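Visitor: I am new to this model and would like a short tour. Please show it to me before we begin.

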Amino acid sequence: MSTSTSKPPAPLAAKVGGFVGGAAAVTLIAIVAYATGNDSVGKGAIIGGSITLVAAALLWTLGPRFGLASRAANGMADERDDRILTHAFADSAFAMGAAAVGCMIGSFWGLAGGAVAGIVLWAGLLTFLVSTTVRSRTS
């Protein structure tokens, strides 16, 4: 009996389902944004969603040989990859919490709700990207 440490890749149906679901979500957000008169939000959703879907399709096409992101996207992440991503998500959550508290204080001086949402989301995204990069290089 052999014990293999490698995981099989994610099934094609799961990838197609994820892609179609993501495209549907982006389309729905853009439709609602345009219907309510928020053209810039609709354009941002289309651009950001399209870039995300293209990146996911590229990672799925490249297979697990393109590093941590590709292994995670293909469902073939090992224990080290899982640990790196778990810690990066924790760092991201902490940064988003700190940004939310800071923005709450800023709202006392008139910081707009849209600015708060943007600051919290960007704090989380950038922290996740930096944390993932640093942790994958050091461990």
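**A tour in questions**

Guide: S70 is in contact (heavy atoms within 4.5 Å) with L59, L62, G63, P64 and R65, leaving aside its neighbours within four places in sequence. This is a predicted model, where local features need pLDDT of at least 70, side-chain atom pairs count only at pLDDT 80 or more, and totals for chains, interfaces and linings use all residues. Residues are numbered from 1 along each chain as its sequence is written, and side-chain values use heavy atoms, with hydrogens and water left out.

Visitor: Is S70 buried or exposed?

Guide: S70 lies in helix α3 (residues 68-73); helices are DSSP runs of H or I, at least four residues, numbered from the N terminus. Buried means under 20% relative accessible area, exposed over 50%, and partly exposed in between (1.4 Å probe, protein chains only). The relative accessible area of S70 is 0%, so S70 is buried.

Visitor: Why does W109 count as exposed?

Guide: W109 is found in the loop between α4 (79-107) and α5 (113-138). W109 counts as exposed because its relative accessibility is 72%.

Visitor: Which element gives the most to the largest nonpolar core?

Guide: A nonpolar core is a set of buried Ala, Val, Leu, Ile, Met, Phe, Trp, Tyr and Cys residues joined through side-chain atoms within 4.5 Å. The largest one has five residues: L68, I84, L85, A88 and F128. With three residues, the element that gives the most to this core is α4.

Terms used
Helix = DSSP H or I, 4+ residues; strand = E, 2+ residues; numbered from the N terminus.
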